[in-house]
Amino acid sequence: MSTLSPDIAPETFTSKDLVTDQDIRWCPGCGDYSILKQVQTVLPELGLKREEIVFISGIGCSSRFPYYMETYGMHSIHGRATAIASGLKATRPELSVWIITGDGDSMSIGGNHFIHLLRRNFDVNILLFNNEIYGLTKGQYSPTSELGKVTKSTPMGSVDHPFNPLALVMGADGTFVARSMDRDPIHMRTILKRAHAHKGTSLVEIYQNCNVFNDGAFEVFTEKASKAEATMMVENGQPLIFGAQKDKGILLDGFTPRVVSLNDVSANDLWIHDESNRAKANLLVRFFDDATIEGHFPRPFGVFYSEQRFTYEQAFNQQIEDVIASKGAGDLDKLLRGPSVWEVKG
Amino acid sequence: MENNSLIATDATILFAGDSGDGIQLTGDQFTTTTALFGNDVSTFPNYPAEIRAPLGTLAGVSGFQIKFGSEEIYTPGDSCDLLVVMNAAALKANLKQLKPGGMIIANTEGFDPKNLRLAKFPEGVNPLEDGSLDSYKLYTLDVTKMTKATLEGSGLGTKDIDRTKNMFVLGFIYWIYNRTLEHTITFLEQKFAKKPAIVEANIKTLKAGYHYGDTSETFMQRVQVDAAKITPGVYRNINGNPATAIGLIAASQKSGLNLFLGSYPITPASDILHDLSKHKNFGVRTFQAEDEIAAITSAIGAAFGGSLAVTTSSGPGIALKTEAIGLAIMLELPLVIINVQRGGPSTGLPTKTEQADLLQAVYGRNGEAPLPVIAARTPSDCFYAVYEACRIAVEHSTPVFFLSDGYLANGAEPWRFPQAADLPSITATFATAEDAEGGKFLPYKRDEKLARKWAVPGVKGLEHRIGGLEKEHETGNISYDPDNHEFMVKLRAEKVEKIADTIPLQTLDNGPEKGKLLIVGWGSTYGSIKTAVKRALADGYSVAHAHVRYIQPFPKNLGELMKNYDHILVPEMNNGQLVRILRDKYLVPAEGFNKIKGIPFSSEELYSKIITLA
Ligand code: SF4
């Protein structure tokens, strides 16, 4: 995948070229529209050829995404986009592969492929549309729905402890871990570009509002009134500061983070965000409190962790090149002959 | 050979002992030596189900059966003429395999009180001494003692000396059948090239075993099995799984497509994964996936990218792949799905053979989802059948099922292997920028075979989306239109049916074109049926044999062919599967003949059945 700087990359196609002739079937007001828009905006800036871009999705509302992208695409089966993308990327490393998945698709039915893709570190981008609900099947709780969630399948409230998606990604040794939201287009575009630039599996969790079955799930993070207090935008090399007045910060006291007031503590003494620090990233993704609880930590957004690790497809194809270099390309007649033969004379 | 040798047209030996006794190696050596001599051979190993079963127990018995002859040999033999047992458990587990009056060679050390107890003989009972084997020709050898004596002063430890025991036995068997030691000596020299002391010890013991036959003035009847009149040419030995692996590589080379295997380990298919992993210098890409579903879906991803994509498994794994097979049918991408069948259902009998996944292959998916199904009949035929599966997948843009089974996978036979240049061509038709000319690219536009072109990412102008939702004809856009759905279901079925235009007509393997009885077989029952039919024909019965390779679609003339007989018998290692398809499709009164014991038919039981109908 190209790591060209977006600024100097030649545009070979425009956002308009990415629009297909298919009618978009998402509900009006769905957060998916914004994500589609940002992706269509960012892609022409990445220096890619349109024919080398592939979108692969599973099943769910978000997985309709490839039908709306005038690139190569596959709308596959539930949970398997990650595995399909693995086979494609392993054999066609030059392609820019984007996986579109949801919380049910990637963490319930496709949980296994999801974690294995991450540990293998294929150079692909995963956009995880997290709406904390099953939308396409009309409103059952998902593995990211909060405890006690009342849905059609849990009339007395769900008793499932939810996944913390990014903690799962860290646990699977993901090499690029980020979060954004549908209601912050500028932030999302920045993160999408970073995800593309990262060589390895880039996981972007996007909080996406399902206004039909789970409206307002992320309201506290996305709405103006509460956003500044409830969220924290992290940037590499910068102290962790949040609040409407930018007056609060996070201090790391040993392994224990604390919310402090900047009236008491100087910004220089705060936790300075370091994307390359795995231990700190593991703490950061654990900022996952219920935003309604008093004294909760702000929910962080941005790139939490980024690590350079060899990609699967590099090593996978290198082995083939190496063996051909040392043994020479295979000779089919020799293979057919095998290690020992005998002749029967007529 | 001496004049007092018994002349036989064929002989079957079963070597049995602990997995540590070197049984498989002994069997392999005898096989190659006797094949080099000019016999036709067929072999079958029998591994214990457990990886490391306790020594001396029934569960730990490993076996290797070989049938060789001066005539053509089609099976490893129903029962054996000679049973070689290294211990009491090996005797107990295999005595039922010995022909009445057959020969037993027993290693007496393996019948000490401890071994007898482990083999669960009653206290104080030793079958070598209590007369219970009187109806057989029993020869006892103290192999351990003689091996020790042979290697006295060699400086080797007891353990190393013990490991050469099997060479004594092999040498003795070579003497019985008057085979030379040459091949095995060369083998030992190569195998232990870095340990000359071990080479020397093994050769010494091998020779000691051979000379034992001469010097002990045996009692034993030597047997003469002359060279067979087999088609001249250069031969190698081949098992079904390696033949499958080589067939896939050959298809990749001949089609110019990179081979991708997505696989998850499962008995008895894993060896295909192992074999292909050894051949990366052919550009083979093997991906050991996290599960069976990822194994096939990664292959679908590779197929989308333009690779010759394959997934290998056995019954339970195939069940897990089912949904993805349906996806491949909708995507109309080439994909080869290999099922090395084993006993089922569920985990079933992993190390035993069965043909019970035929209906799964033909029908086992949601929706109307037909795909071509091809079955191999012998170990070497796995090569040709899987090659053909690749051809059909690539040229007809469809997933294809290739059926093998545990018996073929592990069985071995001599193979007059082909030259690469003589293999038929496989031509992939890729969509190019020209296909997008004059407007939009139509990903589901079809050729006269009803196949669609392979449009792989990277080609400008062919950007398109495919998926599991119903497709609109030609455009491939999502369509919920009722008429379109019915049309597409029929079109996909017709595409599979049309493959019948490109496959050979069904031929008779043996027997008259009209008659009383036709045996219709498929898969690994070939050898037993062939042997039984040959015998019945020689005995004057009116019987013919057709062995079906293409099960979906059937060859066009199969229905007509069956009309020429009064009876149709379909032997299968299942509860009646092909027979149902034949009855359903052709309304013929075909009758099943079934065995569901995890072991192949003996030609004897087939013969007995044939003569009641022919
Ligand atoms: S159901 Fe929810 S997630 Fe699905 S399209 Fe409608 S609003 Fe969007």
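How many bridges join strand S9 and S10(A), and in which sense do they pair? Let's take a walk through this predicted model and find out.

**Stop 1: a pair of strands.** Select residues 248-253 of chain A, which make up strand S9. Now add S10(A): the two pair in the antiparallel sense, over six bridges. For a close-up, pick Leu252(A) and look across to S10(A), where Pro257(A) stands opposite. In general, strands of a sheet pair through backbone hydrogen bonds, either parallel or antiparallel.

**Stop 2: the whole sheet.** Bring in strand S8, residues 241-242 of chain A. You now have an open sheet of three strands in chain A, in the order S8-S9-S10, with antiparallel pairing. Strand S8 and strand S10 (256-261) are the edge strands, each pairing on one side only.

**Stop 3: two helices.** Next, select residues 81-91 of chain A for helix H2 and residues 111-120 of chain A for helix H4. Their axes come within 8 Å and cross at roughly 40°. That angle is neither under 35 degrees nor in the 65 to 115 range, so H2(A) and H4(A) are oblique to each other.

Which residues meet here? On the H2(A) side, show Thr82(A), Ala83(A) and Ser86(A); they meet His113(A), Phe114(A) and Leu117(A) in H4(A). By class, this contact has three nonpolar, three polar and no charged residues.

**Last stop: confidence.** Color chain B by pLDDT: its mean is 95, and 99% of its residues reach 70 or more. Where pLDDT is low, the predicted coordinates should not be read in detail. As for the model's scores, ipTM is 0.96 and pTM is 0.95.

Notes: Residues are numbered from 1 along each chain as its sequence is written. Chains are lettered from A and ligands numbered from 1 in the order in which they are written. This is a predicted model: local features need pLDDT of at least 70, side-chain atom pairs count only at pLDDT 80 or more; totals for chains, interfaces and linings use all residues. Two strands pair if DSSP finds at least two bridges between them. Helices (H or I, at least four residues) and strands (E, at least two) are DSSP runs, numbered from the N terminus. pLDDT is the predictor's confidence in each residue, from 0 to 100. Axes are lines fitted to C-alpha atoms, for helices over the stretch in contact, and angles run from 0 to 180 degrees between N-to-C directions. Angles under 35 degrees count as roughly parallel, over 145 as roughly antiparallel, 65 to 115 as roughly perpendicular and the rest as oblique. Two residues are in contact if their C-beta atoms, placed from the backbone, lie within 7 Å. Ala, Val, Leu, Ile, Met, Phe, Trp, Tyr, Cys and Pro count as nonpolar, Asp, Glu, Lys and Arg as charged, and the others, Gly among them, as polar.
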